[in-house]
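Here's a quick tour of one protein chain, from the overall fold down to a helix and a couple of single residues. Have a look at the model first.

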Amino acid sequence: MIRSVVRGFGAALPKQVVTNRDLEARVDTTDEWIVQRTGIRQRYIAGEGETTASLGEAAARAALDRAGLTPADIDVIILATSTPDNTFPASAVNIQARLGMHHGAAFDMQAVCSGFVYAMATADAYIRGGLARRVLVIGAETFSRIIDWNDRTTCVLFGDGAGALVLEAGEGDGTTADRGILTAHLRSDGAHREKLYVDGGPSTTGTVGHLRMEGREVFKHAVGMITDVIEQAFDATGTTADDIDWLVPHQANRRIIDGSAKKLGIPPEKVVITVDLHGNTSAASIPLALNEAASDGRIKQGDLVLLEAMGGGFTWGSVLLRW
Ligand code: UT7
C-alpha cells in the first residue's frame, strides 16, 4: 500500500528573540509567573519584512534542501496557518510564487493550533489517493500580529515561526513496520469556538482583530481531548504507549504536555519540548519541534513518532508515523 513518508524537514525563525524579562517591561507580568504556568522562557517575534509567507518559504527551502529536492519535484503545497499575509489569496500561493513554482496546487488550511495535524492528514489523503506524489506540508505563523500586546493573559504565550516537511509516496506492507504516516485522527467541536478566537474578520468587523482566550477553559479541556485522540491512534494501529519512540506535541503549555504524557504513560524522556524556546507558535509548533529533534539526532529513521495538537475551534487531532 502507499504510505506518505517524510523525506525532508526544515524550519525558520524570525531574527528577534523576546525573553520573559523583556515582557516584564511591557505588561504586568514576571518571568517566574510565565515559566511556572507555561514553561515558556523566550519566543521569536517577526520584524519588518518577516511574514508568514517569508518564514514559510525559508522553512520550505530548508526541507527541500534536506530532501535533496527542488520545487519542481513538488505537486502540492499545504500551508497550515491562521495568520496569512493577506485575507486572500492563500499564503500558500505566495510561498509557491516565492519558490518559483508555476505548476501544481497550493492552498491554506485553517485549524489554528491543530493546523499542522490537519495538513498532515490532508496531505496523506492526497498521497494515498493518488492525487499527489510529493506534498510540501508547512506550518507558519505570525501570531505576534494578532496579539493584543496590552493583554498580559495572552501576549506572553505566543511566538512566530515556521516549519515544513516534504512527504513522498512510498511503498509499504500495510503494517506498523512501514515508514510513513500510519494513521491520522481529526476532531472539532464548534460549540467551544468562543473560548479561543479572534475578535475580527472580513465578514464581521472588516478588521483583522485580536486573539482572545479563556485560558483556564481551554486548559480544562486540553488533556482529555488530546489523550482521547491519541487513544484512537493506538486503537487503529494496535500500538501502545510503550511502542512510541517520540511524542512531539503541539507546544502550548508545558503543564498540558506533561499532563497528557503522564496520563498516556509516555515517559518524559520520550517527549520533545520546545515551548521554552519558541512559546506557542500555533500551527508551526509541531514542525519546529520535529526540526529540533530530527536535526540533533534524537528522532532517527525508523522511529515511531506521535504528533498531537489541540486548539481554537476547538480542533484537535493526532498523527502516528514512522520516521
Ligand atoms: O494553543 C492553543 C491552546 N491554548 C492553550 O492550550 C492555552 C491553555 N491555557 C493555559 O495554558 C493556561 O490557562 C494559561 C497559561 C493561559 C493561564 O494559566 P492558569 O494557571 O490557567 O492561570 P489563570 O488564567 O487561572 O490565572 C491565574 C492568575 C490570575 O490572577 P487571579 O485572578 O488569580 O488574581 C491572572 O490574572 O494569574 C494572573 N495572570 C498573570 N499574572 C502574571 C494571568 N496572566 C498573567 C501574566 N503574568 N502574564
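A residue counts as buried under 20% relative accessible area, as exposed over 50%, and as partly exposed in between (1.4 Å probe, protein chains only). Helices (H or I, at least four residues) and strands (E, at least two) are DSSP runs, numbered from the N terminus.

Some ground rules: this is a predicted model, where local features need pLDDT of at least 70 and side-chain atom pairs count only at pLDDT 80 or more, while totals for chains, interfaces and linings use all residues. Residues are numbered from 1 along each chain as its sequence is written, and side-chain values use heavy atoms, with hydrogens and water left out.

Now helix α4, which spans residues 91-98: Ser91, Ala92, Ile95 and Gln96 are buried there. Looking down the axis of α4, the buried residues fall within an arc of 155° (taken from the directions from the helix axis to the C-beta atoms), so they line one face of the helix. What do the buried residues of α4 pack against? Their partners are α3 (52-67), β4 (76-80), β5 (105-109) and β6 (134-142), where contact means heavy atoms within 4.5 Å. After α4 comes Gly100, with a positive phi near 75°.

Two single residues are worth a stop. Ala67 sits in helix α3, and Ser114 is in the loop between β5 and α5 (115-128). Leaving out residues up to four places away in sequence, Ala67 touches Arg7, Gly8 and Val166. With the same neighbours left out, Ser114 touches Ala309, Met310, Gly311, Thr315 and Trp316.

| Residue | Relative accessible area | Status |
|---|---|---|
| Ala67 | 8% | buried |
| Ser114 | 0% | buried |

Ala67 and Leu307 are 240 residues apart in sequence and 21 Å apart in space, C-alpha to C-alpha.

Zooming out, the protein chain has 10 helices and 13 strands. Its radius of gyration, taken over C-alpha atoms, is 18 Å, close to the 20 Å that the globule rule (2.2 Å times the number of residues to the power 0.38) gives for 323 residues, so the chain is as compact as a globular protein of that length. Along the principal axes, the C-alpha atoms fill a box of roughly 55 × 45 × 40 Å. Of the 323 residues, 57% count as buried. Among contacts with a separation of 6 or more, 75% come from residues 24 or more positions apart.
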